[in-house]
Amino acid sequence: MNLSNLFFDMIDVKRDIYQNATLFTQHRLSPEEYQNIYFNRSDYQNIDNVADFIKSKRIEKNDWEAQNQKFIRYHQSLNPHTFFNSIPIDHYIGQKTKLAFVQNQIVIDIGGGTGHFLSSFFRYPQSLKYFLVDPNVRLLHDQFVRMYPELLEIPIAHIRAYAEDLPFKNDLADLIVSSSAIDHYSDYKLFLKESYRCLKRGGSLLISSHLAGAKSNDSSNFGIIGFIEKAARGLHRLKNQVSLNDHVKEFPSTEELIYELNKIGYQIQEQEVFKQYFYIVARK
Ligand SMILES: C[S@@+](CC[C@H](N)C(=O)[O-])C[C@H]1O[C@@H](n2cnc3c(N)ncnc32)[C@H](O)[C@@H]1O
């Protein structure tokens, strides 16, 4: 991909708020370059430099193609409202926990989606060995590319797997992150156990998401303009066949998670509920 041409072509192009985004593939590291060092098994297929552990095991849970198409439509349909709300949340958590400033670490991003967390959270993304784990292969959208051009430059190890069945060696990662994703896993307790196994002693797990019942903040306009805006957004999602809520489980507070983390042996380092969101940092 010629990046200067790509950025040149974005200049002065008109874009309305509900225009579908252009999607891009991340710069992916070839699994052959890292598999022997980081994986605990080799039963994956290399598909476009995604180490696919799901296809090879023939777990066609939830019809992967349909899931993937759903996420591609979701990403195309993301508008600046949604996008610009997620960035300060990541920045806030990064500042409070100081985890945004880590360098030269092995980081596993579980349910990592597009991989944007590499740049929207971490201040030294170039220095990290970054593993993106997600059962769906999602693509970067142009708004992230405009904001964080390095997402097209820094190679990410992209792994198709479930949080509940991680293909990594024991005691490997310095940091495991799960941002806005724990509410999507079918068995979050297994994810906590798997993360514990894959973390080095002293390594940290960062879990963040919204709380149950959190409302989308992008409808803060009241009156007739607010109503029209809400209707326009609804129509846009309908047109793109994007559901309003696809969470498996939502947490009303951090209590249950902290209980389960303690049970496994994690030490809670810090936790905070802020506005309608939370984060927890737990250490192995
Ligand atoms: C709302 S997105 C969050 C993406 C990204 N972490 C972010 O902050 O934007 C939730 C992600 O969880 C992924 N997911 C769903 N079930 C999963 C599972 N069992 N294991 C790992 N990831 C899963 C979805 O494919 C999706 O990419």
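How many bridges join strand 4 to strand 5, and in which sense do the two run? That is a handy way into this predicted model, and the points below start from there.

1. **The parallel part of the sheet.** Strand 4 (residues 106-110) and strand 5 run parallel, joined by 5 bridges. Within strand 5, the residue opposite Ile108 is Phe131. Strand 5 (residues 129-133) is mostly covered, with 4 of its 5 residues buried. Strand 5 also pairs with strand 7, again in the parallel sense, over 3 bridges, and here Leu132 stands opposite His158 in strand 7.

2. **On to strand 3.** Strand 7 (residues 157-160) has a parallel pairing with strand 3 (residues 50-52) too, over 3 bridges. If you click on His158 in strand 7, you will find Val50 opposite it, as well as Leu132 of strand 5.

3. **The whole sheet.** Put together, these strands belong to an open sheet of 9 strands with mixed pairing, in the order 2-3-7-5-4-8-9-11-10. Strand 2 (45-47) and strand 10 are at the edges and have a single partner strand each, so one side of each is left without a neighbour in the sheet. On average, and ignoring direction, neighbouring strands are turned by 20 degrees against each other.

4. **The antiparallel end.** Strand 11 (residues 277-283) deserves a look of its own. It runs antiparallel to strand 9 (residues 199-210), with 7 bridges between them; one pair to check is Ser209 with its bridge partner Phe278 in strand 11. Strand 10 (residues 267-274) pairs with strand 11 in the antiparallel sense, over 7 bridges, and Glu270 stands opposite Val281 of strand 11. Of the 7 residues in strand 11, 5 are buried, so this strand is largely enclosed by the rest of the structure.

5. **The hairpin turn.** Strand 10 and strand 11 form a hairpin with 2 residues between them. One backbone detail is worth a glance: Lys275 in the turn has a positive phi of about 50 degrees.

6. **Helices on the sheet.** Which strands does helix 4 lie across? Helix 4 (residues 80-97) lies across strand 8 (173-179), strand 9, strand 10 and strand 11, and it runs at about 35 degrees to strand 11. Helix 9 packs on the sheet as well, touching strand 9, strand 10 and strand 11, and its direction makes about 170 degrees with that of strand 10.

7. **Helix 7 against helix 9.** Helix 7 (residues 188-198) packs with helix 9 (residues 255-264) at an angle of about 40 degrees, their axes being 10 Å apart. Helix 7 is therefore oblique to helix 9, and the crossing is right-handed. On the helix 7 side the contact involves Lys189, Leu192, Lys193 and Tyr196, which meet Glu260, Leu261 and Ile264 in helix 9. By class, this contact has 4 nonpolar, no polar and 3 charged residues.

8. **The first helix.** Is helix 1 largely enclosed or in the open? The number of buried residues among the 8 of helix 1 (residues 3-10) is 0, so helix 1 lies largely in the open. Asp12, which follows helix 1, has a positive phi, near 65 degrees.

Definitions and conventions:
Residues numbered from 1 in each chain as written. Predicted model: local features only at pLDDT ≥ 70, side-chain atom pairs only at ≥ 80, totals over all residues. Axes fitted to C-alpha atoms, helices over the stretch in contact; angles between N-to-C directions. Parallel < 35°, antiparallel > 145°, perpendicular 65-115°, else oblique. Left-handed = near helix turned anticlockwise from the far one by under 90°. Contact = placed C-beta atoms within 7 Å. Nonpolar A, V, L, I, M, F, W, Y, C, P; charged D, E, K, R; others polar. Buried ≥ 20, exposed ≤ 12 C-beta atoms within 10 Å, placed from the backbone. Pairing = 2+ DSSP bridges.
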